[in-house]
Amino acid sequence: MKIGLMSDTHGRHKAIDAALKLSGKVDLWLHAGDYVDDADYLAHKSGIETIFVAGNGDWNSSVPADKYLEIAGKKIFITHGHNYGVKSGLGVLRQAALQKECDCVIFGHSHVYCEAQIDGILFLNPGSVSFPRDGQSGTFAVLEIAEDGRMKVDKYTV
């Protein structure tokens with residue numbers, strides 16, 4: 001199972017289009033917020049199911065800020081991250097992931113790519129394809145879950 005990961009697209013459809021050209025074939029897209037309308041665009045342009053959450057930029061949205069999914073036998077928590085203070089560290093998000101016994105956490109908000117293993121949990125922030133804040137190019141990621149349950153991440157630069 002290959003899962004495309006995107007966050008913090010902020011209405012920049014050209015950046016989404018560039019990511020789609022680079023991603024190759026994926027089975028599912030996860031969008032970690034800011035903006036939920038972009039997740040609809042991503043689903044339409046890719047023709048692939050897209051699961052998404054609301055971010056702090058999605059003020060009037062009725063979309064939940066958190067979702068817990070089971071994909072290919074893995075418990076995945078997707079959130080934008082603003083409610084967990086991710087710009088100041090992963091401690092609060094780690095606690096939430098431990099409580100829900102997650103295997104993987106997908107988040108955004110900081111606009112900076114992050115890939116970390118903490119307490120046996122994979123934490124992934126695909127960064128922002130539109131407005132990276134680390135002085136680098138925009139980023140997104142593809143998470144592959146193998147049949148044996150191993151998870152592999154490929155980072156892409158747009």
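A polar contact is a pair of N or O atoms within 3.5 Å; within protein, one atom must be able to donate a hydrogen and the other to accept it, and residues adjacent in sequence count only if both atoms are side-chain atoms. One such contact links the side chains of Ser110 and Asn125, at 3.0 Å. The model is predicted: local features need pLDDT of at least 70, side-chain atom pairs count only at pLDDT 80 or more, and totals for chains, interfaces and linings use all residues. Residues are numbered from 1 along each chain as its sequence is written, and side-chain values use heavy atoms, with hydrogens and water left out.

Helices (H or I, at least four residues) and strands (E, at least two) are DSSP runs, numbered from the N terminus. Ser110 lies in the loop between β6 and β7 (114-118). Ser110 is buried, with a relative accessible area of 15%. Buried here means under 20% relative accessible area, exposed over 50%, and partly exposed in between (1.4 Å probe, protein chains only). Contact is defined by heavy atoms within 4.5 Å. Neighbours within four places in sequence aside, Ser110 is in contact with Lys87, Asn125 and Arg133. His109 is found in the loop between β6 and β7 as well. His109 is buried, with a relative accessible area of 12%. Its phi is positive, about 80 degrees, although His109 is not a glycine.

Two open sheets are described next. Strands pair if DSSP finds at least two bridges between them. Strands of a sheet pair through backbone hydrogen bonds, either parallel or antiparallel. Five strands make up one open sheet, in the order β3-β2-β1-β9-β10, with mixed pairing. β3 and β10 (151-157) stand at the edges, each with a single partner strand, so one side of each is left without a neighbour in the sheet. Neighbouring strands are turned by 20 degrees against each other on average, direction ignored. Axes are lines fitted to C-alpha atoms, for helices over the stretch in contact, and angles run from 0 to 180 degrees between N-to-C directions. Within this sheet, β1 and β9 pair in the antiparallel sense over four bridges. Ile3 stands opposite Leu143 in β9.

Helices α1 and α2 contact strands of this sheet. α1 lies across β1, β2, β9 and β10, and runs at about 35 degrees to β9. α2 packs on the sheet and touches β1, β2 and β3; its direction makes about 170 degrees with that of β3. In α2 (residues 36-46), Val36, Asp38, Ala39, Tyr41 and Leu42 are buried. Their cover includes β1, α1 (13-23), β2 and β3 (50-52). Gly47 follows α2 and has a positive phi near 70 degrees. In the loop between β2 and α2 sits Tyr35. A cis peptide bond joins Asp34 and Tyr35, with omega about 20 degrees. His10 lies in the loop between β1 and α1. His10 has a positive phi of about 50 degrees, although it is not a glycine.

The other sheet is also open, with five strands in the order β4-β5-β6-β8-β7 and mixed pairing. Its edge strands are β4 and β7, each pairing on one side only. The twist averages 20 degrees from one strand to the next. β6 and β8 pair in the parallel sense over three bridges. Ile106 has Leu124 of β8 as its bridge partner. Helix α3 (residues 91-99) packs on the sheet, touching β5, β6, β7 and β8; its direction makes about 130 degrees with that of β8. β4 and β5 pair in the antiparallel sense over six bridges. Leu69 is bridged to Ile76 in β5. These two strands form a hairpin with two residues between them, and Ala72 in the turn has a positive phi of about 50 degrees.

A nonpolar core is a set of buried Ala, Val, Leu, Ile, Met, Phe, Trp, Tyr and Cys residues joined through side-chain atoms within 4.5 Å. The largest such core has 20 residues; Ile3, Leu5, Leu30, Ile76, Ile106, Leu124 and Leu143 touch the most other members. At least two residues each come from β1 (2-6), β2 (28-31), β4 (66-71), β5 (74-79), β6 (104-106), β8 (121-125) and β9 (139-145). β9 gives the most, with three residues. Beyond neighbours within four places in sequence, Ile3 is in contact with Leu28, Leu30, Ile71, Ile76, Ala141, Val142, Leu143 and Ile145. A second, separate core holds 13 residues, including Ala15, Leu20, Trp29 and Phe140.
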